[in-house]
Amino acid sequence: MTAPVALDTDQARTRLPHLTVVDVRTPGEYTSGHLPGALNIPLDHLRRALPVLREAAAHGELLVVCASGARSESACSVLADNGVPAMTLSGGTQGWRDQGHALQHPATEARATWSMERQVRFTAGGLVLAGLGLSRLHPAWRLLAAGVAGGLVFSAVSNTCGMAHLLSRLPHNQPRPADLDATLTALARRTRDRAGATGSAEQAEQSVDVGA
């Protein structure tokens, strides 16, 4: 599998006005701060958005972002498999923030949701403590703690996270249907506007060539 094209923070910031930015984090993570102009399409709902994203990619470049870059790479792979070219942001939203660039927050009141990384840390730590505590009743419970530790090691080596995938399916990490519909409508509208602007620019160039 070919790795997607990756932009660093400075490259993304320079090209941002000309990019269609799609944030594939959960809605709660998105409302905690996102790249300016980014639209939220959670990774698990990406396939539903394929027709709109394919049209957007036909009229400009797509930049996919997440918290650190892992989920956006997965999203780029899904898009590539469906004939939609897209780039990923190295370091993700966290890297953007660490470089001192401002994040945008939705104007509406946001649902208070922890970042996925924080949810994973809390869940993993809770399971380890539960395993160690229950091992007083039966030593076999230590296997729970060992299993979590092994999963974290595998997650680091493979740069994937099964626990994050499971947690992302919980209700508090899911977008409301109306929110996702509104996002897709906004993306389609942006694409039409961009296509119209590109067409007007081409017509102007043709007029200049004819006049010359």
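## Strand pairing

Two strands count as paired if DSSP finds at least two bridges between them. In this predicted model, S2 and S3 meet that condition with 2 bridges, in the parallel sense. Within this pairing, Asp23 stands opposite Asn40 in S3.

On the question of overall order, the 5 strands form an open sheet that reads S1-S5-S4-S2-S3, with parallel pairing. Strand S1 (6–7) and S3 are the edge strands: each has a single partner strand, so one side of each is left without a neighbour in the sheet. Strand S2 (residues 19–23) also runs parallel to S4, to which it is joined by 5 bridges. Val21 has Leu63 of S4 as its bridge partner.

## Strand S4 and the crossover to S5

S4 pairs with S5 as well, in the parallel sense and over 2 bridges. Here the bridge partner of Leu63 in S5 is Met87. Between these two strands the chain passes from S4 through H4 to S5, and this β-α-β crossover is right-handed. Leu63 thus appears in both pairings, with Val21 as partner in one and Met87 of S5 in the other.

How many of the residues of S4 are buried? The count is 4 of 5, and the strand is mostly covered.

## Chain layout and confidence

The protein chain contains 9 helices and 5 strands. Read from the N terminus, its elements follow the order β-α-β-α-β-α-β-α-β-α-α-α-α-α. Of the 212 residues in the chain, 36% are buried.

The mean pLDDT of the protein chain is 85, and 87% of the residues score at least 70. Among its elements, strand S5 (residues 87–89) has the highest mean pLDDT, 97, and helix H9 (residues 177–211) the lowest, 73. Where pLDDT is low, the predicted coordinates should not be read in detail.

## Salt bridges

Side chains of opposite charge can pair when their charged atoms come close. The model has 4 salt bridges, of which the following paragraphs describe some, including Arg15 with Glu61.

The side chains of Arg15 and Glu61 form a salt bridge with an N to O distance of 2.6 Å. This pair links distant parts of the chain, since Arg15 belongs to helix H1 (residues 9–15) and Glu61 to strand S4 (residues 61–65), 46 residues apart. Arg15 is partly exposed, at 29% relative accessibility, and Glu61 is partly exposed too, at 37%.

Arg71 and Glu29 make another salt bridge through their side chains, at 2.9 Å from N to O. Arg71 sits in helix H4 (residues 70–81) and Glu29 in helix H2 (residues 27–31), so the contact ties together parts that lie 42 residues apart in sequence. Is Glu29 buried or exposed? Glu29 is buried, because its relative accessible area is 1% and the cut-off for buried is under 20%.

## Contacts of helix H9

A further salt bridge joins the side chains of Arg48 and Asp181, at 2.2 Å from N to O. Arg48 is in the loop between strand S3 (39–40) and helix H3 (50–58), while Asp181 is in helix H9, so the pair ties together parts 133 residues apart in sequence. Arg48 is partly exposed, with a relative accessible area of 45%, and Asp181 is partly exposed at 35% relative accessibility.

Leu180 is likewise located in helix H9. Its C-alpha atom is separated from that of Arg48 by 9.7 Å, although the two residues are 132 residues apart along the chain. Unlike the partly exposed Asp181, Leu180 counts as buried, because its relative accessibility is 3%. These H9 positions belong to the element with the lowest mean pLDDT in the chain.

## Nonpolar surface patch

Which residues make the nonpolar surface patch of about 320 Å²? They are Leu134, Leu137 and Trp141. Leu134 lies in helix H6 (residues 116–134). With a relative accessibility of 30%, Leu134 counts as partly exposed.

Notes: Residues are numbered from 1 along each chain as its sequence is written. This is a predicted model: local features need pLDDT of at least 70, side-chain atom pairs count only at pLDDT 80 or more; totals for chains, interfaces and linings use all residues. Side-chain values use heavy atoms; hydrogens and water are left out. Patches are made of residues with over 30% relative accessible area and no salt bridge: like charges are joined within 9 Å, nonpolar side chains (Val, Leu, Ile, Met, Phe, Trp, Tyr) within 5 Å. Accessible areas come from the Shrake-Rupley method with a 1.4 Å probe; for residues, only the protein chains shown count as cover. Buried means under 20% relative accessible area, exposed over 50%, partly exposed in between (1.4 Å probe, protein chains only). pLDDT is the predictor's confidence in each residue, from 0 to 100. A crossover is right-handed if, with the strands pointing away from the viewer, the path from the first strand over the helix to the second runs clockwise.
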